[in-house]
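Me: I have a model to go through and would like short, reasoned answers. Please keep to what the coordinates show.

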Amino acid sequence: MRHWPNQKLLQLTVTATLLLAIFNCKADVLSERTILPLPKLPAHSFSGSVSEIEKTPQWQEHKIMIRKNESLSTALGSLNISPATTYEIGRLQNSNLLTNLNVGDELEIWVDKDQNLQKILYPKSQLTTYELVKTSTGYQIQENKAQVEIRTETAYGTINGSFYIAAQNAGLSARSIMNLADLFAWDIDFARELRDGDVFKVIYEAKYLGNKYIGDGDILAAQIITENGNNAHNAFIMRDNKNVIGYYDEKGKNLKKAFLRSPVDYVRITSKFTPRRFHPILKKWRSHRGVDYGGPIGTPIHVTGSGKIIYEGWGPGYGRHIKVQHAGKYMTLYGHLSKYGKFKKGSYVSQGQTIGYMGMSGLATGPHLHYEFRIHGKHVDPLKVKFPAAGPIDKKYRVAFKKRSHLLLSQLDRLDSSTYLARNFE
Ligand SMILES: [Zn+2]
């Protein structure tokens with residue numbers, strides 16, 4: 001936990017509270033998507049311009065959707081284009097670009113007044129269009145790639161009831177909300193720990209085609225401020241070319257831990273770790289040396305750390321259960337499963353992979369996961385144990401990371417409720 005004795009932030013929180021009182025508005029109003037003033041890139045254009053066609057009125061455009069059992073040749077045939085033309089296209093070296101059609105694909109086909117084929121546009125995806133053009137030497141098929149523009153955008157919000165709703169109102173996509181929760185999954189339990197008034201700030205990439213938003217990219221930096229502004233959790237991305245190496249805090253410490261705090265998502269803890277408790281089935285006092293998570297049968301169970309499955313089988317108490325040996329001294333156990341995942345004894349599994357599904361096999365009064373965490377064979381409370389951090393930032397990235405994270409942190413600091421209020425009421 002990093003404490004943040006930041007006077008400015010406290011002051012801003014107070015200011016925001018006052019402004020909220022004045023405007024008598026819900027904190028949700030604070031949430032909004034804004035665009036950082038970045039230099040605008042020119043809108044994309046296909047290399048073979050569609051607008052040429054629009055200036056050629058003697059050509060007629062047909063839109064044809066491919067139905068079941070239809071192909072390029074049936075589409076062309078329906079426009080009375082000669083079979084010789086279809087044959088000629090079929091002989092082109094890259095004809096498969098136009099002949100591998102799926103049901104529902106749409107072709108734009110231009111013919112001149114003599115029913116001669118002049119052009120075909122086949123939008124394969126949002127980013128790729130195949131185009132057949134007629135040249136002096138015959139037909140040619142080319143691939144046109146649209147330029148995706150990456151913009152940096154920011155989101156700011158104050159939690160009022162639900163983190164998810166506040167994040168949605170701030171303009172974050174479902175994907176970015178999940179990514180944000182994943183980033184901090186080792187530090188913050190989003191379902192239980194966030195409180196009303198907690199603040200989140202995100203700087204992220206959004207992808208645009210032309211001026212059309214097509215989805216979010218990576219989160220570049222994020223901050224979650226808890227405990228009335230006293231505790232800031234920071235995350236900064238480190239990328240190598242296009243690959244995300246990881247997210248680290250302002251000191252370069254990996255946000256990932258060697259273990260996830262919980263092996264299941266969004267379920268309740270039904271029984272905590274206790275040295276001694278009364279067992280409801282055995283009707284006698286026993287210790288409970290793990291944590292129980294209640295939830296529906298079939299809930300996926302994620303292995304909390306990478307390691308090797310050393311046991312997968314039945315035990316009279318645990319029912320179907322799995323033991324995973326992790327690096328060095330750690331072992332985890334998952335009991336009462338309804339079924340196993342795809343991994344067998346001896347398999348290596350990575351943190352977060354689904355190794356089984358919740359059930360009530362063995363001694364269980366209802367569906368739940370019994371989860372144990374052992375260090376050197378000794379049971380410890382998985383909710384309280386301090387997990388080792390995954391590796392720190394690689395030496396070769398340290399200088400670049402320091403520079404970049406400082407810049408991002410100052411951008412996060414400038415993102416505050418007053419700027420968002422100003423935007424709302426100007
Ligand atoms: Zn249990």
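Me: Which residues does Ile310 touch, not counting residues up to four places away in sequence?
Reply: This is a predicted model. Ile310 is found in strand 17, residues 307-315, and at 34% relative accessibility it counts as partly exposed. Its C-alpha atom is separated by 5.6 Å from that of Val324, 14 residues apart along the chain. Leaving out residues up to four places away, Ile310 touches Lys323, Val324, Gln325, Met331 and Lys345.

Me: Which protein atoms are the donors of the zinc ion?
Reply: Along the chain, the donors follow the spacing H-x3-D-x77-H. They lie 1.9 to 2.8 Å from the zinc ion. The donors are His288 (NE2), Asp292 (OD), Asp292 (OD) and His370 (ND1).

Me: What is the arrangement of the four donor atoms around the zinc ion?
Reply: Four donors count as tetrahedral if all angles lie between 85 and 135 degrees. Here the donor atoms subtend angles of 52 to 158°, which makes the arrangement irregular.

Me: How many residues apart in sequence are the parts that His288 and His370 tie together?
Reply: Among the donors of the zinc ion are His288 and His370. His288 lies in strand 14 (residues 284-288) and His370 in strand 22 (residues 368-375), so the pair ties together parts whose separation in sequence is 82 residues.

Me: Is His370 buried or exposed?
Reply: Buried means under 20% relative accessible area. The other histidine donor, His288, is buried at 4%. His370 has a relative accessible area of 7%, so it is buried.

Me: Which side chains make polar contacts with the side chain of Asn234?
Reply: Asn234 is found in strand 10, residues 231-240, and is buried, with a relative accessible area of 1%. One polar contact, of 2.7 Å, joins its side chain to that of Gln223. Another, of 3.2 Å, is with the side chain of Glu250.

Me: Where does Glu227 lie, given its positive phi?
Reply: Most residues other than glycine have a negative phi. Phi of Glu227 is near 55°, and at 41% relative accessibility the residue counts as partly exposed. Glu227 lies in the loop between strand 9 (212-226) and strand 10.

Me: What is phi of His336, and is the residue buried or exposed?
Reply: His336 has its place in strand 19, residues 330-340. Phi is near 65°, a positive value in a residue other than glycine. With a relative accessible area of 5%, His336 is buried.

Me: What share of the contacts with a separation of 6 or more is between residues 24 or more positions apart?
Reply: The protein has nine helices and 23 strands. Of its 426 residues, 46% are buried. Among contacts with a separation of 6 or more, the share from residues 24 or more positions apart is 64%.

Me: Over which residues is the pLDDT below 50?
Reply: The mean pLDDT of the protein is 83, and 84% of its residues reach 70 or more. Residues 1-53 have pLDDT below 50, although this stretch has 103 contacts in the model beyond near neighbours in sequence. The other such stretch has six contacts beyond near neighbours, and covers residues 422-426.

Me: Why should coordinates with low pLDDT be treated with care?
Reply: Where pLDDT is low, the predicted coordinates should not be read in detail. The stretches below 50 include residues 1-53 and residues 422-426.

Note on methods: Residues are numbered from 1 along each chain as its sequence is written. This is a predicted model: local features need pLDDT of at least 70, side-chain atom pairs count only at pLDDT 80 or more; totals for chains, interfaces and linings use all residues. Side-chain values use heavy atoms; hydrogens and water are left out. Donors are N, O and S atoms within 2.8 Å of the metal (3.2 Å for Na, K and Ca); water is not among the atoms, so sites may look incomplete. Four donors count as tetrahedral if all angles lie between 85 and 135 degrees; four count as square planar and six as octahedral if opposite donors are over 155 degrees apart and all others between 65 and 115; anything else is irregular. Helices (H or I, at least four residues) and strands (E, at least two) are DSSP runs, numbered from the N terminus. Buried means under 20% relative accessible area, exposed over 50%, partly exposed in between (1.4 Å probe, protein chains only). Contact means heavy atoms within 4.5 Å. pLDDT is the predictor's confidence in each residue, from 0 to 100. A polar contact is a pair of N or O atoms within 3.5 Å; within protein, one must be able to donate a hydrogen and the other to accept it, and residues adjacent in sequence count only if both atoms are side-chain atoms.
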